[in-house]
Amino acid sequence: MQQKILLEEREMPTAYYNILPDLPDPMAPPLHPGTGKPVGPEDLAAIFPMELIKQEVSQERYIDIPEEVQRLYRLYRPTPLMRAFALEKVLDTPAEIYYKYEGVSPAGSHKPNTAIPQAYYNKQAGIKRLATETGAGQWGSSLAFACGLFGLECKVYMVKVSYDQKPYRRSMIRTWGAEVVSSPSRDTAAGRAVLAEHPDSPGSLGIAISEAVEDAAGREDTNYSLGSVLNHVLLHQTVIGQEAMVQLAKVDRFPDIVIGCVGGGSNFGGIAIPFVREKIKGKKLRAIAVEPASCPTLTRGEYRYDFGDIAKMTPLLPMHTLGHTFVPPSIHAGGLRYHGMAPIISRLLMSNLIEARAYMQNDIFQAAVLFARNEGIIPAPESSHAIKAAIDEALVAKKEGKKKVILFNLSGHGHFDMGAYDAYFAGRLEDHEMHPDDIKAALADIKDLPVLEPVA
Ligand SMILES: *Cc1c(COP(=O)(O)O)cnc(C)c1O
């Protein structure tokens with residue numbers, strides 16, 4: 001059996017797969033933050049190019065990937081599908097474990113898969129500059145890289161705790177030619193408002209989003225760009241699952257279980273959505289979304305309308321949420337610290353097409369170290385949530401004596417997260433589970449927002 005299952009460049013997908021027309025239950029529309037009415041294209045046009053707005057609501061099953069985007073994808077795609085022989089052996093499991101490795105991109109994660117088309121469509125629309133937020137720095141560096149390819153300026157509002165913890169992510173952003181500031185910053189009214197109340201705020205994605213949206217809304221030449229959550233982002237990420245499906249078919253396999261970690265839901269959606277389509281058509285499959293116990297959006301949040309940011313500038317999205325005022329504890333899996341979830345992922349969970357689970361930080365680092373010592377790659381802490389679930393499922397297969405096929409997304413490498421590994425080895429990582437009272441308090445802040453009809 002092959003260890004690396006590789007594709008030729010000509011075997012790459014030439015269209016994104018859009019799950020919206022195939023959903024068994026319809027998606028509730030995003031609502032305007034002021035009027036509470038469904039948002040129209042004109043509401044979004046101030047900060048997004050029309051092509052991306054169209055993709056956000058498209059009912060077309062396939063959307064062509066522009067030639068130029070395909071060409072730029074070839075800088076690192078197709079990505080390899082790996083069989084984790086050594087991990088299987090050490091677990092003594094009858095299961096086959098495969099992982100799709102997205103860490104081969106220049107930024108070291110799956111995020112350039114959407115950064116490149118987003119920069120492309122903005123450039124096509126005549127935009128000169130993009131503003132964005134970044135949590136752990138992966139998105140900021142990915143967008144900086146993509147903007148560089150198209151000659152766009154880029155300003156990144158980076159959550160303060162990561163800005164301080166991950167100086168080399170800042171350096172990457174600057175190397176690719178973008179500007180990066182610590183958020184909350186003094187550059188926006190939203191940032192100054194937070195600083196006035198909490199001068200020592202560690203920042204959060206919600207705050208940084210407010211800053212970037214304010215920046216983009218205030219300048220004619222500038223648009224806003226989001227690295228996860230929105231429909232068009234998950235759409236772009238489906239190149240991952242489409243490639244993986246072709247790769248598995250080459251060794252005559254279809255997965256029993258597909259796994260990904262979830263922050264905003266884009267890498268999980270990217271790998272899982274093409275397979276979930278097969279499930280909707282009748283194939284047997286489990287898809288598992290894995291989140292940190294310290295930010296348990298899918299497992300303990302409520303499914304309802306909430307804002308995407310703290311300053312309530314984004315539309316109200318139908319999603320699982322811990323409340324937009326929720327500031328998660330400073331765990332190291334910085335990329336998973338978001339209060340909300342992609343509406344598509346929330347919809348799939350409510351329709352019982354996917355499952356969700358949460359893990360503690362020390363457990364995921366234990367899984368990460370076992371993986372690194374057997375498979376070589378040092379995984380990002382975020383991705384290690386998926387590894388932990390894959391290991392657990394392989395052990396279940398062992399107990400049941402079943403030869404299951406497990407596929408997970410290794411969304412990125414951990415080369416800029418070695419401080420977190422050091423903390424783990426020193427026994428300094430604290431396991432943190434949200435107290436029910438904290439969740440209640442955060443959710444109380446959104447009790448007056450419109451509720452969602454719980455469909456099926
Ligand atoms: C950003 C990031 C994530 C989380 O974001 P999603 O949108 O949920 O995919 C996961 N893994 C890595 C490596 C990341 O950079």
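Student: Let me start with cysteine 147: buried or exposed?
Tutor: In this predicted model, cysteine 147 counts as buried because its relative accessibility is 1%.

Student: And how many disulfides are there in the model?
Tutor: The count is zero. A pair of cysteine sulfur atoms would have to lie within 2.5 Å to qualify.

Student: Which cysteine sulfur is nearest to that of cysteine 147, then?
Tutor: That of cysteine 154, which is 4.1 Å away, and cysteine 147 is in no disulfide.

Student: What about cysteine 261: which cysteine has the nearest sulfur?
Tutor: Cysteine 295, whose sulfur is 12 Å away; cysteine 261 is likewise in no disulfide. With a relative accessible area of 1%, cysteine 261 is buried.

Student: Which residues does serine 411 touch?
Tutor: Leaving aside residues up to four places away in sequence, serine 411 contacts Glu102, Gly103, Gly108, Ser109, His110, Cys261, Asn267 and Ser383. The cysteine 261 just discussed is therefore one of the residues it touches, and that cysteine is itself buried.

Student: Where does serine 411 sit, in terms of secondary structure?
Tutor: It belongs to the loop that connects strand E15 (405-410) with helix H17 (418-425). Despite the loop position, serine 411 counts as buried, at 5% relative accessibility.

Student: Changing topic to the open sheet: what is the strand order?
Tutor: The order is E8-E7-E6-E9, four strands with parallel pairing. Strand E8 (179-183) and strand E9 (222-224) are the edges, each pairing on one side only. On average, and ignoring direction, neighbouring strands of the sheet are turned by 25° against each other.

Student: How many bridges join E6 to E7?
Tutor: Six, between strand E6 (residues 129-134) and strand E7 (residues 153-159), which run parallel. Within this region, glutamate 133 stands opposite tyrosine 157 of E7.

Student: Which strands does helix H8 touch?
Tutor: Helix H8 (residues 167-175) packs on the sheet through contacts with E7 and E8, and its direction makes about 145° with that of E8.

Student: And which strands does H10 lie across?
Tutor: Helix H10 (residues 205-217) lies across E6, E7, E8 and E9. Relative to E6, H10 runs at about 170°.

Student: On to helix H11: where is its kink centred?
Tutor: On glutamine 237, with a kink of about 30°. The helix spans residues 231-250, and its 20 residues reach 29 Å from first C-alpha to last, close to the expected 28 Å.

Student: Why is H11 described as largely enclosed by the rest of the structure?
Tutor: Because 16 of its 20 residues are buried. After H11 comes aspartate 252, which has a positive phi near 65°.

Student: Which residue with positive phi follows H15?
Tutor: Glycine 376, whose phi is near 95°. Helix H15 itself (residues 361-375) has 15 residues and reaches 21 Å, close to the 21 Å expected.

Student: Which residues of H15 are buried?
Tutor: They are Gln361, Ile364, Phe365, Ala367, Ala368, Val369, Phe371, Ala372 and Glu375.

Student: One last residue: which helix contains alanine 441?
Tutor: Helix H18 (residues 436-444). Alanine 441 is partly exposed, with a relative accessible area of 46%.

Student: What separates its C-alpha from that of phenylalanine 275?
Tutor: The C-alpha atoms of alanine 441 and phenylalanine 275 are separated by 37 Å, while the residues are 166 apart along the chain.

Note on methods:
Residues numbered from 1 in each chain as written. Predicted model: local features only at pLDDT ≥ 70, side-chain atom pairs only at ≥ 80, totals over all residues. Heavy atoms only, no water. Buried < 20%, exposed > 50% of the residue type's maximum accessible area, 1.4 Å probe, protein only. Helix = DSSP H or I, 4+ residues; strand = E, 2+ residues; numbered from the N terminus. Expected span 1.5 Å × (residues − 1). Bend = angle between axes of the 7 residues up to and from the residue. Contact = heavy atoms within 4.5 Å. Pairing = 2+ DSSP bridges. Axes fitted to C-alpha atoms, helices over the stretch in contact; angles between N-to-C directions.
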